[in-house]
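Subject: Structure handover

Hello,

Here is the structure I promised to pass on. Please open it first; my notes follow below.

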Protein chains: 2
Amino acid sequence: MQGARQRARGEITEAIKEEARRQLAEQGASRLSLRAVARELGVASSALYRYFPSRDDMLTALITDAYDALGGAAEEALADAESAGDSHLVRWLAVCRAVRGWSLAHPHEYALLYGSPVPGYAAPSTTIRPAARAALAMLTVLSDAYAVGALRAPARAAAAPEAVLGDTERLVAQLEVPLPPAVAAEAVAAWAQLFGLVGFELFGQFANVIDARDAFFDHAAERLADQVGLRR
Amino acid sequence: MQGARQRARGEITEAIKEEARRQLAEQGASRLSLRAVARELGVASSALYRYFPSRDDMLTALITDAYDALGGAAEEALADAESAGDSHLVRWLAVCRAVRGWSLAHPHEYALLYGSPVPGYAAPSTTIRPAARAALAMLTVLSDAYAVGALRAPARAAAAPEAVLGDTERLVAQLEVPLPPAVAAEAVAAWAQLFGLVGFELFGQFANVIDARDAFFDHAAERLADQVGLRR
DNA sequence: TCAATATCGAGAGCGCCGCTCACCCGTCCC
DNA sequence: GGGACGGGTGAGCGGCGCTCTCGATATTGA
């Protein structure tokens with residue numbers, strides 16, 4: 001049986017990622033060095049290449065895990081709010097807060113996910129699904145609200161243009177989230193805008209501008225909820 | 001007179017920045033190397049240290065310039081819209097489009113400004129003023145609209161909490177922009193959210209989600225205008 | 001005018017980095 | 001039992017940021 005070998009390989013891979021994650025959290029992606037990871041693991045640097053073809057691939061593995069952690073935090077917050085019987089608005093706020101909370105707790109991971117794309121330009125396809133989890137949590141809140149009539153559809157005049165609705169129609173079909181395309185369009189915008197708020201706070205753009213960070217974020221998240229049509 | 005030396009020094013500094021900017025635009029900040037700049041300039045790498053104490057300081061110089069370029073683009077768009085007699089809503093859209101346009105045209109510079117903070121964590125104080133220019137253009141639109149009564153003040157119930165209003169009151173005083181703190185709070189949020197939209201588009205988060213990028217952005221910018229109280 | 005001084009570029013070198021390669025050894029499979 | 005193979009080692013390549021010494025040149029002041 002080759003199970004032993006594969007199990008060992010999996011464990012070592014995990015140990016490498018763990019140490020890499022530690023260094024990433026401490027000093028950021030730019031200072032994460034494969035050699036330092038190997039040194040800390042008491043192993044020759046060349047040995048790591050048996051597990052990751054390059055430093056970028058190691059980073060990609062960390063990216064996937066980070067997306068999963070963020071998505072997990074969002075999903076957990078949603079599940080808690082659901083089981084607590086919170087309103088859809090409160091669920092929305094809970095998911096937003098979870099995204100911000102995870103990001104503040106893991107700034108370097110956040111930077112890895114939503115900061116400058118480090119290697120090339122296109123994210124590897126393996127990161128797509130994990131990356132969607134947080135967004136999906138937001139959409140879930142909305143579709144649940146929509147199902148029970150707790151969602152105000154955008155006025156006809158305020159709806160997104162046709163071309164956009166085509167995109168979001170395809171999107172809701174792909175994700176199997178029952179939601180009118182016009183609402184989905186607002187949701188996508190809110191999704192991007194949420195990360196704008198978080199990113200600005202995290203990367204220091206709010207220095208000397210906003211001190212009451214928590215209150216400011218909560219208020220902005222409420223405005224986002226309003227924008228996507230969640231009734232107050 | 002020491003003028004000749006100083007002039008030469010200024011010209012060389014500019015040449016270094018120009019070459020660095022070229023490499024930044026081509027390959028991004030992470031691949032910008034001081035040695036490559038020196039090589040391209042036909043000079044020993046150690047010579048550059050007479051002009052910039054470190055690679056990070058060179059990057060900081062580029063950051064300042066990039067903020068100025070972005071701010072200039074925003075201001076120019078605003079000035080054009082003003083002289084064309086456009087409505088305040090259209091001016092707002094013009095500034096938003098200018099920010100997006102510049103960013104799409106200079107992705108690596110954008111990443112340098114709003115992506116992961118590369119070196120430490122705090123931006124040098126010399127970058128603060130240039131960084132504010134684009135934001136100031138947005139605030140200017142709003143204060144002009146407010147002065148002529150073209151701004152809908154947020155409803156009392158929808159206003160930001162007290163702590164936030166304290167921050168934004170200080171902000172409008174510092175920037176000398178005559179604007180109610182409640183409006184300024186929405187403006188700051190819109191500012192961050194605008195860069196969320198731009199950043200997501202630029203960093204590939206919209207891949208397989210939104211194809212009609214222009215239409216989507218315009219629509220989102222209109223919704224932002226609505227959020228800050230600009231009358232349709 | 002001439003010596004003291006300041007400025008600047010060159011080049012060697014240090015310790016990192018990512019990555020490759022030849023080599024070796026233990027384990028598994030036939 | 002022997003060969004293939006996975007996985008570890010260590011040397012080494014080229015590149016990086018950065019430092020230091022040294023000589024050349026320009027500026028300055030007596």
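Please keep in mind that this is a predicted model. I started with the contacts to DNA strand C. A polar side-chain atom of A:Arg39 sits 2.4 Å from a phosphate oxygen of that strand. The backbone of B:Ala44 also takes part: one of its polar atoms is 2.6 Å from a phosphate oxygen of DNA strand C. For A:Tyr49, a side-chain N or O atom lies 3.3 Å from a phosphate oxygen of the strand.

Now the wider surroundings. DNA strand C has 21 residues around it, and the nearest are A:Arg35, A:Arg39, A:Arg55, B:Ala44 and B:Arg50. Of the strand's atoms within 4 Å of the protein, 48% belong to sugar and phosphate. The surface near the strand divides into 9 nonpolar, 7 charged and 5 polar residues. Two helices, α2 (34-40) of chain A and α1 (3-27) of chain B, each give at least two residues to that surface.

Next, chain A as a whole. Its secondary structure consists of 9 helices and 0 strands. Domain 1 covers 1-53 and domain 2 covers 67-228. Their C-alpha centres are 32 Å apart. The C-alpha trace spans about 65 × 50 × 40 Å along its principal axes.

Last, packing and surface. Chain A has 232 residues, and 51% of them count as buried. Among its contacts with a separation of 6 or more, 73% join residues 24 or more positions apart. The chain exposes about 10,700 Å², with 52% of that from carbon and sulfur atoms.

Best wishes

Technical notes:
Residues are numbered from 1 along each chain as its sequence is written. Chains are lettered from A and ligands numbered from 1 in the order in which they are written. This is a predicted model: local features need pLDDT of at least 70, side-chain atom pairs count only at pLDDT 80 or more; totals for chains, interfaces and linings use all residues. Side-chain values use heavy atoms; hydrogens and water are left out. A residue is near a molecule or strand if one of its heavy atoms lies within 4 Å of it. A polar contact is a pair of N or O atoms within 3.5 Å; within protein, one must be able to donate a hydrogen and the other to accept it, and residues adjacent in sequence count only if both atoms are side-chain atoms. Helices (H or I, at least four residues) and strands (E, at least two) are DSSP runs, numbered from the N terminus. Ala, Val, Leu, Ile, Met, Phe, Trp, Tyr, Cys and Pro count as nonpolar, Asp, Glu, Lys and Arg as charged, and the others, Gly among them, as polar. Domain bounds come from an automatic or database domain assignment. Buried means under 20% relative accessible area, exposed over 50%, partly exposed in between (1.4 Å probe, protein chains only). Contact means heavy atoms within 4.5 Å. Accessible areas come from the Shrake-Rupley method with a 1.4 Å probe; for residues, only the protein chains shown count as cover.
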